[in-house]
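Here is an informal walk through a two-chain structure. Have the sequence and the coordinates open while you read.

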Amino acid sequence: MNRRLPLFAIAALSLAGCHTDMWRQPKGEPLGENDFFPDGQMSRPLLTGTIARGKIRKDDAFFTGAVNGKWVDTLPVPLTKALLERGQERYNVYCSPCHGQIGDGNGMIANRGFTLKRPVGNYHTDRLRKMPVGHFYDVITNGYGAMYSYSSRVEPSDRWAIVAYIRALQVSQSPEAYGMDRFEVEALKKTHAPAAGTESHGGGSHAGESHAGESHAGESHSGEAHAEGAAH
Amino acid sequence: MAQIFKPSANHITQATLMGLAIGVPTVWLAIAALSRSPANTKVNVPLNQPIPFSHQHHAWELGIDCRYCHTSVEKSSYAGLPATETCMSCHSQIWTNSPLLEPVRQSYETGTPIKWNLVNKVPDFVHFNHSIHISRGLNCNTCHGPVQHMQITYKGNSFQMQWCLECHRAPDRHIYKDETRPDLQPRQQVFNLYWKYQTTGLDGLSERERALMLGTFNGTDNPKEREAGKQLVKDYGIKVQQLADCSVCHY
């Protein structure tokens with residue numbers, strides 16, 4: 001009997017190795033389930049009024065697009081080529097499905113059976129060309145009409161990048177409205193190499209060509225806007 | 001003293017020895033084969049979901065960027081699953097009466113999350129980080145298979161350790177730069193490839209890109225490409241010597 005004891009010990013030891021509590025640890029994972037909380041979710045919503053250290057949102061213009069209830073008319077961030085390129089990238093990810101790659105409201109999803117009372121926003125109207133930049137920021141943040149809020153998907157700095165790019169799109173499609181004539185646009189296209197570093201692509205017939213002038217045209221315009229704002 | 005063994009014990013002994021010699025390796029191989037087979041790894045096995053969501057339709061036919069739904073993939077370890085709100089961004093307007101989308105509407109109205117079944121997972125003692133792989137220009141399909149062509153999402157690779165190590169031991173077989181778009185950051189190259197595929201079709205892609213898009217890419221053995229890969233590994237500051245250390249993923 002005594003001789004069998006080590007055998008049992010070895011068997012018991014090797015079986016004791018069979019467990020999966022390292023494989024599935026009792027820890028929380030993003031979007032996991034948890035019975036402890038009434039809503040059954042592991043990820044907890046932030047308590048109202050929570051401010052992460054160093055993340056207080058004092059700058060109204062930057063975080064709400066409005067100062068004293070009025071939309072700001074100048075970008076609260078420096079307008080750079082990098083900003084426009086970032087804006088182009090984010091625009092193509094989050095906005096182009098509905099608004100289209102040139103912002104005419106003719107995106108793929110808009111064409112897939114939207115039955116809206118008002119059609120998807122087209123940026124190339126007088127109303128929107130005159131709209132202060134703060135309005136676009138506000139729409140991205142809070143939604144507008146049938147459009148949902150994108151605040152959980154696009155962070156504030158990216159929202160401003162998108163706003164800047166929307167302005168650039170507006171200038172690119174109707175330079176006359178911004179005091180530029182056709183020849184100036186042609187000259188811009190020639191003197192500037194195609195905008196680099198962005199995920200531009202030919203998703204539609206219109207995307208590729210106009211890019212060269214766009215960003216620069218936008219730059220000069222918003223530069224103006226800046227100056228105007230300062231003058232007031 | 002009586003005999004302990006009957007004459008038949010001879011045969012039993014022989015049979016037992018033969019059985020051990022054949023049986024043990026057979027069982028061993030069977031376990032090895034089974035653990036690598038789709039029955040265990042679930043590779044290429046579509047997983048039922050509460051809503052039959054199609055990547056083929058949304059990502060390919062409609063051309064919606066991966067990041068529209070998987071918002072945190074570039075900056076977080078976790079790629080992120082879309083909130084019901086993201087689905088409703090469009091489906092509050094489109095297919096509003098579809099019975100297939102009933103769970104989405106239910107979820108939105110009641111504020112209860114949709115319980116998707118996890119397709120890709122690693123054990124809890126493995127720490128995987130999406131953002132670092134994206135920022136080195138590794139396409140989603142490298143690991144996830146031809147996602148943009150999946151009607152119902154399935155696992156593209158086994159996610160077993162050996163599979164991870166294939167790349168971690170020789171990253172130059174996988175890392176590349178799209179020569180036609182030198183202006184793109186590696187991160188942008190990842191998502192640009194889908195646009196490129198949309199515009200040019202398979203014919204406009206390099207051999208590697210084609211394999212990536214079809215989910216058949218398993219690393220390159222072309223010495224020239226590997227040389228370029230080695231250079232990139234250097235440029236990106238990837239510490240190859242430590243890349244296959246235990247502590248890289250198990251910490």
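## A long helix on chain B

Let's start with helix α1 of chain B, residues 9-36: its 28 residues span 39 Å from the first C-alpha to the last, close to the 40 Å expected at 1.5 Å a residue. Keep in mind that this is a predicted model. The helix has a kink of about 30°, centred on Leu20(B). As for cover, α1(B) hardly has any: the number of buried residues among its 28 is zero.

Leu17(B) sits in this helix α1 of chain B. Is Leu17(B) buried or exposed? It is exposed, because just 10 other C-beta atoms lie within 10 Å, and the cut-off for exposed is 12 or fewer. In sequence, Leu17(B) and Val190(B) are 173 residues apart, and their C-alpha atoms are separated by 57 Å.

The domain assignment splits chain B into domain 1 (9-41), domain 2 (55-81 + 116-249) and domain 3 (82-115). How far apart are the C-alpha centres of domains 2 and 3 of chain B? They lie 29 Å apart.

## Core and helix α6 of chain A

Now for the inside. The largest nonpolar core has 52 residues, and those touching the most other members are Ile162(A), Val163(A), Ala164(A) and Tyr165(A). Both chains feed this core: α3 (81-99), α5 (133-142) and α6 (156-173) of chain A each supply at least two residues, as do α4 (66-69), α10 (186-200) and α11 (207-214) of chain B. The largest share, ten residues, comes from α6(A). In soluble globular proteins, nonpolar side chains tend to be buried together.

Helix α6(A) itself is mostly covered, with 15 of its 18 residues buried. From first C-alpha to last it reaches 26 Å, close to the 26 Å expected at 1.5 Å a residue.

Zooming out, chain A has eight helices and two strands, and along the sequence they follow the pattern α-α-β-β-α-α-α-α-α-α. Of its 232 residues, 30% count as buried. Among contacts in chain A with a separation of 6 or more, 61% are between residues 24 or more positions apart.

## Two positive phi values in chain B

Back on chain B, a couple of loop residues deserve a look. Trp95(B) has a positive phi, near 55°, and is not a glycine. Phe159(B), also not a glycine, has a positive phi of about 60°. Trp95(B) is in the loop between α5 (84-91) and α6 (102-110) of chain B, while Phe159(B) is in the loop between α8 (140-144) and α9 (161-169) of chain B.

Why does Trp95(B) count as partly exposed? Because it has 14 C-beta neighbours inside 10 Å, and partly exposed covers the range between 12 or fewer (exposed) and 20 or more (buried). Phe159(B) is partly exposed too, because it has 19 C-beta neighbours inside 10 Å.

## How far to trust it

The model scores ipTM 0.87 and pTM 0.82. Here is the confidence chain by chain.

| Chain | Mean pLDDT | Residues at pLDDT 70 or more |
|---|---|---|
| Chain A | mean pLDDT 80 | 82% of residues |
| Chain B | mean pLDDT 92 | 100% of residues |

Where in chain A does pLDDT stay under 50? That happens over residues 195-232 of chain A, for which the model has 81 contacts beyond four places in sequence.

How values were computed
Residues are numbered from 1 along each chain as its sequence is written. Chains are lettered from A and ligands numbered from 1 in the order in which they are written. Helices (H or I, at least four residues) and strands (E, at least two) are DSSP runs, numbered from the N terminus. The expected span of a helix is 1.5 Å times one less than its number of residues. The bend at a residue is the angle between axes fitted to the seven residues ending there and the seven starting there. Domain bounds come from an automatic or database domain assignment. A nonpolar core is a set of buried Ala, Val, Leu, Ile, Met, Phe, Trp, Tyr and Cys residues joined through C-beta atoms within 7 Å. pLDDT is the predictor's confidence in each residue, from 0 to 100. Two residues are in contact if their C-beta atoms, placed from the backbone, lie within 7 Å.
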